Amino acid sequence: MSSATGMRVVVTGATGNAGTSVVRALAAEPEVASVRGLARRIPEWSPPKTEWSAVDVASDRFDLVEEFAGADAVIHLAWAFQPTHDPATTWRTNVLGSMRVFDAVAEAGVPALVHASSVGAYSPGPKDRTVDESWPTHGWPDAAYCREKAYLERALDTFERDRPGTRVVRMRPAFLFKRESASEQRRIFGGRFLPGPMARPDLLPFLPDIPGLRVQALHTDDAADAYRLAVLSTEARGAFNLAAEPTVDADLLGEMLGTRRVRLPRAAARSAVAAGWGLRLLPASPHLFDAVLRLPLMDCSRARDELGWRPVRTATQVVEEFLLGLRQGAGDVTEPLRGRKAG
């Protein structure tokens with residue numbers, strides 16, 4: 001498989017938030033000889049050692065076995081968050097497309113599969129302590145995102161049982177942000193017409209403090225470094241939690257923004273989200289809101305101990321960078337990450 005000059009790695013979803021960071025990390029790695037990026041639209045961006053293929057992993061019109069032939073590892077990142085009003089469509093892309101990727105990895109004889117799972121795959125858990133990778137991964141059943149991530153955990157259980165010779169790694173990162181992803185994530189979760197420049201502390205009369213809204217964040221480049229380490233390791237298998245400190249909650253955001261915090265009941269916050277989603281003004285569904293309130297906090301010791309991974313940026317720095325990107329309408333060189341301040 002790998003040549004005398006280095007490894008060959010294929011990345012699906014290579015032009016998105018995680019994909020662009022992973023491609024850059026691999027392109028800068030001396031042990032990687034070539035990177036093949038798969039995306040629905042080929043970008044004008046040309047990183048070192050990288051070639052592109054226009055591929056939709058969910059469509060049987062594309063031969064994934066041919067794309068994966070000769071690879072030392074496949075990193076599977078391709079994912080569709082929308083349309084949240086049509087879960088059958090996201091199921092076809094995310095679940096059926098992923099299973100096509102898994103089958104092609106097996107048929108092409110690729111030695112390693114690194115799959116982008118998520119904190120969203122976890123069953124509801126504690127907010128006052130962290131859990132390790134043994135915590136159940138049944139997701140929050142009402143949220144399509146969590147349901148799909150959890151289903152793929154079961155699919156990988158079967159894959160590993162049937163193909164013990166393939167090294168499978170499941171990355172379970174917290175919420176991933178970087179400055180260049182701000183415009184895309186505003187469109188995905190806030191809506192096309194939510195003005196990014198509104199993300200200013202002086203325009204916030206108060207900060208809602210919703211019970212249970214404690215989450216973890218991670219810079220996308222730090223997550224990409226974990227993917228790089230997982231590809232290079234010949235021993236890494238199984239799941240790895242990825243998150244930075246500290247935990248993000250209303251206290252942290254209030255201090256960061258200098259904004260007064262006001263307690264807001266869960267029911268009131270959910271009703272507002274549900275109304276916006278029902279009127280198709282807000283892409284993020286109330287079911288995903290329910291899931292976020294129940295996600296456990298993750299212990300990332302295994303990634304530190306077995307991969308030698310440590311995030312460079314704190315969660316506070318990640319949120320500050322992302323908010324700056326929102327205000328600036330920041331983006332990147334690929335179509336999914338294009339920058340734009342308003343719809």
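This is a short talk on a few helices, two cis peptide bonds and two positive phi angles in one structure.

Okay, thanks everyone. One thing up front: what you have on screen is a predicted model, and every value I quote is computed from it.

Let's begin with helix H8, which runs over residues 266-278. How far apart are the end C-alpha atoms of H8? They are 18 Å apart, and that agrees with what you should get from 13 residues at 1.5 Å a residue, namely 18 Å.

Now, which residues of H8 are buried? Those are Ala269, Val273, Gly276 and Trp277. If you look down the axis of H8, these buried residues fall within an arc of 100°, so they line one face of the helix. Go round to the other side of H8 and you find Ala267 and Gly278, which are exposed. As for what covers the buried residues of H8, that includes helix H9, residues 286-294.

Keep going along the chain and, following H8, you reach Arg280. Arg280 sits in the loop between H8 and H9. Its phi is near 60°, and that's a positive value in a residue other than glycine. Is Arg280 buried or exposed? With a relative accessible area of 61%, Arg280 is over the 50% cut-off, so it goes down as exposed.

There's another residue like that to look at, Lys49. Phi of Lys49 is near 65°, again positive and again not a glycine. You'll find Lys49 in the loop between strand S2 (32-39) and strand S3 (50-54). Here the relative accessibility is 33%, so Lys49 counts as partly exposed.

Next up, a helix pair. Two packed helices are described by the angle between their axes and the distance between the axes. The pair I picked is helix H7, residues 250-257, and helix H11, residues 315-328. What are the numbers for H7 and H11? Their axes come within 11 Å and cross at roughly 55°. That angle is neither under 35 degrees nor in the 65 to 115 range, so H7 and H11 are oblique to each other. The crossing of H7 past H11 is right-handed. And who makes the contact? On the H7 side, Leu252, Leu253, Met256 and Leu257; on the H11 side, Thr316, Val319, Glu320 and Leu323.

Let me stay with H11 for a moment. H11 has 14 residues and reaches 20 Å from its first C-alpha to its last, close to the 20 Å expected at 1.5 Å a residue. Its buried residues are Ala315, Thr316, Val318, Val319, Phe322, Leu323, Gly325 and Leu326. What do the buried residues of H11 pack against? H7 is one of the partners, along with strand S8 (175-177), helix H5 (182-190) and strand S10 (217-219). Just after H11 comes Gly329, with a positive phi of about 65°.

Last topic, the cis peptide bonds. Going from Gln82 to Pro83, the peptide bond is cis, with omega near 5°. Pro83 is in the loop between strand S4 (73-76) and helix H3 (87-108). A cis bond also joins Glu245 and Pro246, and there omega is about -5°. Where is Pro246 found? In the loop between strand S11 (238-242) and H7, and H7 is the helix we just saw crossing H11 at roughly 55°.

That's what I had, so over to you.

Conventions:
Residues numbered from 1 in each chain as written. Predicted model: local features only at pLDDT ≥ 70, side-chain atom pairs only at ≥ 80, totals over all residues. Heavy atoms only, no water. Helix = DSSP H or I, 4+ residues; strand = E, 2+ residues; numbered from the N terminus. Expected span 1.5 Å × (residues − 1). Buried < 20%, exposed > 50% of the residue type's maximum accessible area, 1.4 Å probe, protein only. Arc of directions from axis to C-beta. Contact = heavy atoms within 4.5 Å. Axes fitted to C-alpha atoms, helices over the stretch in contact; angles between N-to-C directions. Parallel < 35°, antiparallel > 145°, perpendicular 65-115°, else oblique. Left-handed = near helix turned anticlockwise from the far one by under 90°.
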